[in-house]
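Q: I would like a close look at a single part of this protein. Please set it in the context of the whole chain.

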Amino acid sequence: MSSNASTVDIKDGNGPLPRQIPYIIANEGCERFSFYGMRNILTPFLLSTLLLFIPAEHRTNEAKHVFHTFVIGVYFFPLLGGWLADRYFGKYNTVFWFSLIYVAGHACLAIFEHNIKGFYFGLGLIAFGSGGIKPLVVAFVGDQFDQTNKNRARLVFDAFYWIINFGSFFASLLMPLLLRDYGPSVAFGIPGILMAIATLVFWMGRKKYVHVPPAAPNPDSFSSVARTALLARVAGQSRPGLMVAGVGALAALVSLCMIPQWGFVIAFCTALVMLLAFGCFGVSMQLDRARGIHTAEAVEGVRSVLRILIVFALITPFWSLFDQKASTWIVQANAMNSPQLSLFGWDFTLLPAQMQAINPILVMLLIPLNNVVLYPLMRAIGITPTPLRRMGAGIALSGLSWIAVGAIQLNMDAGDKVSIFWQLLPYALLTLGEVLVSATGLEFAYSQAPAPMKGIILSFWYLGTTIGNLWVLIVNAGVKNDTVSGHIASTGLSESAFQMFFFAGFALVCAGLFALYATRYKMVDNYRKA
């Protein structure tokens, strides 16, 4: 009887968990402690130490610019890591070597605490190393599963996201204290040690992993099919898709010409958005022209990828809001009152940067609560919590969180003394949105991606964060324009409050668009065969 039950479990995808998963989970916990440990103190460090040479009235905007530029780099380099892993080195080798670069970046932060060039070089190495491994660890988790145990993957993806926040929680509590009491070299050095431990743990499991080899050069790859679709001629017909892609290329060139006015990061990222948006739209217009030249499976695979990218694009406003909790929300908390607390006889005052610990502790509570209570309750009343429904609701909740933080700002602008604990409400709303978007998105991205392109698809998932932070840089640059600042002044709102409500509206509009598109999206199952 037990044998039959086991056979049924395996057939239904409920087989045992892979024994190598703990190595990957432990690696992720240490790596996330190191990343969030340095990221969560980056804005306070910039404001209090590295950027003191900048006039006080411009220091906050410069700190936000540096922070979001760094985040843009972190989430841009997954494109490189995914490509190298899928085509040349495989996921394990790419993760291991990029991790060593990552460790070197942490060392630079600890050594060059008063040297702006050395410190920025360290941030660049961390962006390169962290970004390079970011899509691959997630895909590597998925590679450990097959059709016999694929239903366990969702629980592991949730556990994966839970351990991320476990590391983030302790980093958020400890690193601001270490920065205040022991200085930048210790506060940035400890995350470097944790990253070295993460690399060691990952290496220790090397003989137990399932290693999916890199894909051989494929004449039916995404880029080959897309190129054929754009360039193929049909007698008596024009090539409208190619014209659309050409408009995108021209817009990208114009964007790059604006580097002197916009700065390199905004101009380059905008050019990338133009190429992707217009290029993908052009391919979709002419995709059927690739039939006969490429296999039907390859053509439908490209169609599937294009549909996934629309989902990713509609999620980018969420990242605009989410990542500002480590910049805009910290700046707001710096101007709020922090009452003295007492815990087991220990009196302390909560630092503004420590408010970010609320986010990971709530994530650790909400993930099991959703799985045990919320999702079963929804199913009981006839509502299926599909990935797209969860992500759409998460985007809307992020918009509500920014309405709440904007309301706090209005009270502060009116001269009221506001306790830092009022930020608990927007943190709770944003965190619930994060659980619904980010944890679900990892599962969605892996399950929907065709087998040869999982690393690249997950790279595009992370590229969405780059684009989200691009929106932040554009808005911050926009408020410096005299016409824009004059309009803001005419509303009676401060620049901070205006931006908060602007981002809230941005997210809510995109949540509505996401809901409309979700009704047309057809889910697929791209887990590998046993």
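What share of the contacts in the protein chain with a separation of 6 or more comes from residues 24 or more positions apart? And how does S172 sit in helix 7: what is S172 in contact with, leaving aside its neighbours within four places in sequence?

A: A word on the source first: this is a predicted model. Residues 24 or more positions apart supply 82% of the contacts with a separation of 6 or more in the protein chain.

Now to S172. This serine belongs to helix 7, which covers residues 153–182. S172 has a relative accessible area of 0%. The cut-off for buried is under 20%, so S172 counts as buried. Its side chain is paired: a polar contact of 2.7 Å links it to the side chain of N40. N40 also appears in the list of residues that S172 is in contact with, once neighbours within four places in sequence are left aside. The others in that list are A353, Q354, Q356, A357 and P360.

Another serine offers a parallel view. S320 lies in helix 13, residues 296–322. S320 is buried, also with a relative accessible area of 0%. Here the polar partner is a backbone atom: the oxygen of G468 lies 2.7 Å from a polar atom of the S320 side chain. Setting aside residues up to four places away in sequence, S320 touches G468, W471, V472, F503 and F506.

Helix 7 comes up again through F157. The C-alpha atoms of F157 and E443 are separated by 6.5 Å, although the two residues are 286 residues apart along the chain. E443 is found in helix 17, which runs over residues 424–448. E443 has a relative accessible area of 15%. That value is under the 20% cut-off, so this glutamate is buried as well.

Now the wider setting. The protein chain has 20 helices and two strands. Its radius of gyration is 24 Å, close to the 24 Å that the globule rule gives for 530 residues, so the chain is as compact as a globular protein of that length. The C-alpha trace spans about 65 × 65 × 50 Å along its principal axes. Of the 530 residues, 53% are buried; S172 is one of the buried residues.

Last, the surface and the charges. The accessible surface comes to about 22900 Å², and carbon and sulfur atoms account for 68% of it. The chain carries 35 positive and 25 negative side chains. The centres of these two sets lie 8 Å apart.

Key: Residues numbered from 1 in each chain as written. Predicted model: local features only at pLDDT ≥ 70, side-chain atom pairs only at ≥ 80, totals over all residues. Heavy atoms only, no water. Helix = DSSP H or I, 4+ residues; strand = E, 2+ residues; numbered from the N terminus. Buried < 20%, exposed > 50% of the residue type's maximum accessible area, 1.4 Å probe, protein only. Polar contact = N/O pair within 3.5 Å; in protein donor to acceptor, adjacent residues only side chain to side chain. Contact = heavy atoms within 4.5 Å. Rg over C-alpha atoms; globule rule 2.2 N^0.38 Å. Areas by Shrake-Rupley, 256 points an atom, 1.4 Å probe, with all protein chains shown as cover. Lys, Arg positive; Asp, Glu negative; His and termini not counted. Charge placed at Lys NZ, Arg CZ, Asp CG, Glu CD.
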